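User: Please take me through this structure in questions and answers. I would like each answer to end on the value or name that I ask for.

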Amino acid sequence: MRISTTERKNAFVQATKQELEALQGRGVRMTGNAFSPIVLVKGDLNDAERAGGELLAGADGAALRSALGAIGYAPEDFCGLSCTASSPEGDPLATEVFREALEALDPEAVLLLDDVAADAMREAYADALAVIEDFDTAMLKPGLVAHVLGRRVLALDGFEAALSDKREKQRMWAYIKQLPPAGAPY
């Protein structure tokens, strides 16, 4: 039996859609393009996000879209993932659920927007981080790019808070410029 390229692509899309819906049923909050080459992980939610608003819909999301566009990502290359559950309590996602969600999205780069997100990544990927020789990189020190299971991972220490301070905003921009797209922009 012959399967066309279109049928094959549709099957992959449907499988991914089912997997992401199952993760959302387990409390995972995501926004944007699930096939994006970069995933932005946020743990320290703002008031609107805690109240059930869309993840990265505020000033931080607008600034990140602008910054990613400036370094070569296409406008649709934007995927946000919260490491905080969508429950009313806003508890952290279970480590295995967070890792499963990130693996389902399978990005080439991960941008950890705050310390809560970096902590979630450290816990979920402790085995992969343990083999990194440089201690600061293995601990996901802000501004250092770590290579974790074939992905580039960069931690920031409070992106949203940095937007109100010009100097901190420039520091965040300098960090983000280290994660350009792996391929040429389309």
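The exchange below covers the sheet, the cores, the helix packing and the salt bridges.

Analyst: This is a predicted model, in which local features need pLDDT of at least 70 and side-chain atom pairs count only at pLDDT 80 or more, while totals for chains, interfaces and linings use all residues. Residues are numbered from 1 along each chain as its sequence is written, and side-chain values use heavy atoms, with hydrogens and water left out.

User: In what order do the six strands of the open sheet stand?

Analyst: Strands are DSSP runs of E with at least two residues, helices are runs of H or I with at least four, and both are numbered from the N terminus. Two strands pair if DSSP finds at least two bridges between them. The pairing in this open sheet is mixed, and the order of its six strands is S1-S3-S2-S4-S6-S5.

User: Which strands stand at the edges of the sheet?

Analyst: An edge strand has a single partner strand, so one side of it is left without a neighbour in the sheet. The two strands in this position are S1 (29-32) and S5 (145-148).

User: By what angle are neighbouring strands of this sheet turned against each other on average?

Analyst: Axes are lines fitted to C-alpha atoms, for helices over the stretch in contact, and angles run from 0 to 180 degrees between N-to-C directions. For the strands of this sheet, direction is ignored, and the average is 25°.

User: Which residue in the turn between S5 and S6 has a positive phi?

Analyst: S5 and S6 (residues 151-155) run antiparallel and are joined by four bridges. Among the paired residues, Val145 has Leu154 as its bridge partner, and Ala146 has Val153. The two strands form a hairpin with two residues between them, and the turn residue with a positive phi, about 50°, is Leu149.

User: Which residue of S6 stands opposite Leu112?

Analyst: S6 also pairs with S4, in the parallel sense and over four bridges. Opposite Leu112 stands Ala155.

User: How many of the five residues of S6 are buried?

Analyst: Buried means under 20% relative accessible area, exposed over 50%, and partly exposed in between, with a 1.4 Å probe and protein chains only. In a regular strand the side chains alternate between the two faces of the sheet. On one side of S6, Arg151, Val153 and Ala155 are buried, and on the other Arg152 and Leu154 are buried. The number of buried residues in S6 is therefore five of five.

User: Which helix gives the most residues to the largest nonpolar core?

Analyst: A nonpolar core is a set of buried Ala, Val, Leu, Ile, Met, Phe, Trp, Tyr and Cys residues joined through side-chain atoms within 4.5 Å. The largest one has 35 residues, of which Val41, Leu81, Phe98, Leu112, Met121 and Val148 touch the most other members. With six residues, the helix that gives the most is H4 (residues 95-105).

User: How many residues does the second, separate core have?

Analyst: Leu40, Leu45, Leu111 and Leu154 are included in this second core. Its number of residues is 22.

User: Are H4 and H5 roughly parallel or roughly perpendicular to each other?

Analyst: Thr95, Phe98, Arg99 and Leu102 in H4 meet Ala120, Met121, Glu123 and Ala124 in H5, where contact means heavy atoms within 4.5 Å. The helices pack at an angle of about 95°, with their axes 9 Å apart. Angles under 35 degrees count as roughly parallel, over 145 as roughly antiparallel, 65 to 115 as roughly perpendicular and the rest as oblique. H4 and H5 are therefore roughly perpendicular.

User: Which residue meets Arg151 in a salt bridge?

Analyst: A salt bridge is a side-chain nitrogen of Lys or Arg within 4 Å of a carboxyl oxygen of Asp or Glu. Arg151 is buried at 4% relative accessible area, whereas its partner is exposed at 52%. The partner lies in the loop between H4 and strand S4 (109-112), so the pair ties together parts that are 45 residues apart in sequence. At 2.9 Å, N to O, the residue that meets Arg151 is Asp106.

User: How far apart in sequence are the parts that Glu108 and Arg152 tie together?

Analyst: The side chains of Glu108 and Arg152 meet in a salt bridge of 3.4 Å, N to O. Glu108 is partly exposed at 26%, and Arg152 is buried at 15%. Glu108 lies in the loop between H4 and S4 and Arg152 in S6, so the separation is 44 residues.
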